[in-house]
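Please look over this protein with me. Take a moment with the sequence and the 3D view, then read on.

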Amino acid sequence: AMVETYGSRNHQMHMETPVPVECAPPTVPSGSTMYYPTNGPVAVANPKYVYLDSRKPVTLTYCPNCAQQQVATRTRTKVTGTTWVCVAAGVFIFWPLCWLPFVIKPMKQTNHYCSNCGAKVGRVKPFQ
């Protein structure tokens with residue numbers, strides 16, 4: 001009888017109704033996107049940015065942020081970590097000219113902004 005009681009008690013533990021537990025949805029830091037694996041190839045793209053290969057202002061068919069058609073971009077070039085690495089390398093190679101990466105545009109990042117809404121619509125990385 002003792003074995004049956006233990007067996008039936010064990011059986012009751014597994015047959016009890018599960019207690020509902022509320023789980024918060026996963027949090028994703030702002031500016032990033034969560035991707036789920038699929039069986040096929042995955043193309044990851046940020047729909048807010050347009051592929052640009054020019055460091056000069058260009059005319060876009062539309063802005064991905066404000067949907068303005070035929071909008072020109074404004075450009076702003078900035079120093080990045082890659083630029084600083086080039087400066088550091090220049091110190092060891094030929095220190096009098098180590099400052100050159102600060103004035104050579106292909107060694108800096110160029111950001112494109114919509115002239116209508118001001119949103120960043122694309123970028124060209126250093127050495128791209």
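## A residue in a loop

V103 is exposed, with a relative accessible area of 53%. The cut-off for "exposed" is over 50%, so V103 qualifies. Keep in mind that this is a predicted model. V103 sits in the loop that joins helix 2 (81–94) to strand 3 (109–114).

V103 also belongs to a nonpolar patch on the surface. The other members are I93, F94, L97, W99 and I104. Together, the patch residues have about 620 Å² of accessible area.

## The overall layout

How many helices and strands does the protein have? The secondary structure comes to 2 helices and 4 strands. Starting at the N terminus, their order is α-β-β-α-β-β.

The protein has 128 residues, and 19% of them are buried. Its exposed area is about 10400 Å². Carbon and sulfur atoms supply 61% of that area. Now take the contacts between residues at least 6 apart in sequence. Of these, 52% join residues at least 24 apart.

## A buried threonine

Is T83 buried or exposed? T83 has a relative accessible area of 0%, so it is buried. The cut-off for "buried" is under 20%. T83 is part of helix 2.

Which residues does T83 touch, leaving aside those up to four places away in sequence? They are P101, F102, M107 and K108.

## The cysteines

How many disulfides does the structure hold? The count is 0. C63, for one, is in no disulfide. Its nearest cysteine sulfur belongs to C66 and is 3.7 Å away. A disulfide needs two cysteine sulfur atoms within 2.5 Å, so this pair does not count as one.

C63 is buried, with a relative accessibility of 1%. C98 has a relative accessibility of 19%. Buried means under 20%, so C98 counts as buried too.

## Two positive phi angles

Two residues other than glycine have a positive phi. One of them is A67, with phi near 65°. A67 lies in the loop between strand 1 (59–62) and strand 2 (69–78). At 53% relative accessibility, A67 is exposed.

F127 also has a phi near 65°. Where does F127 lie? It is in the segment after strand 4 (120–124). F127 counts as exposed, because its relative accessibility is 52% and the cut-off is over 50%.

Notes: Residues are numbered from 1 along each chain as its sequence is written. This is a predicted model: local features need pLDDT of at least 70, side-chain atom pairs count only at pLDDT 80 or more; totals for chains, interfaces and linings use all residues. Side-chain values use heavy atoms; hydrogens and water are left out. Buried means under 20% relative accessible area, exposed over 50%, partly exposed in between (1.4 Å probe, protein chains only). Contact means heavy atoms within 4.5 Å. Accessible areas come from the Shrake-Rupley method with a 1.4 Å probe; for residues, only the protein chains shown count as cover. Patches are made of residues with over 30% relative accessible area and no salt bridge: like charges are joined within 9 Å, nonpolar side chains (Val, Leu, Ile, Met, Phe, Trp, Tyr) within 5 Å. A salt bridge is a side-chain nitrogen of Lys or Arg within 4 Å of a carboxyl oxygen of Asp or Glu.
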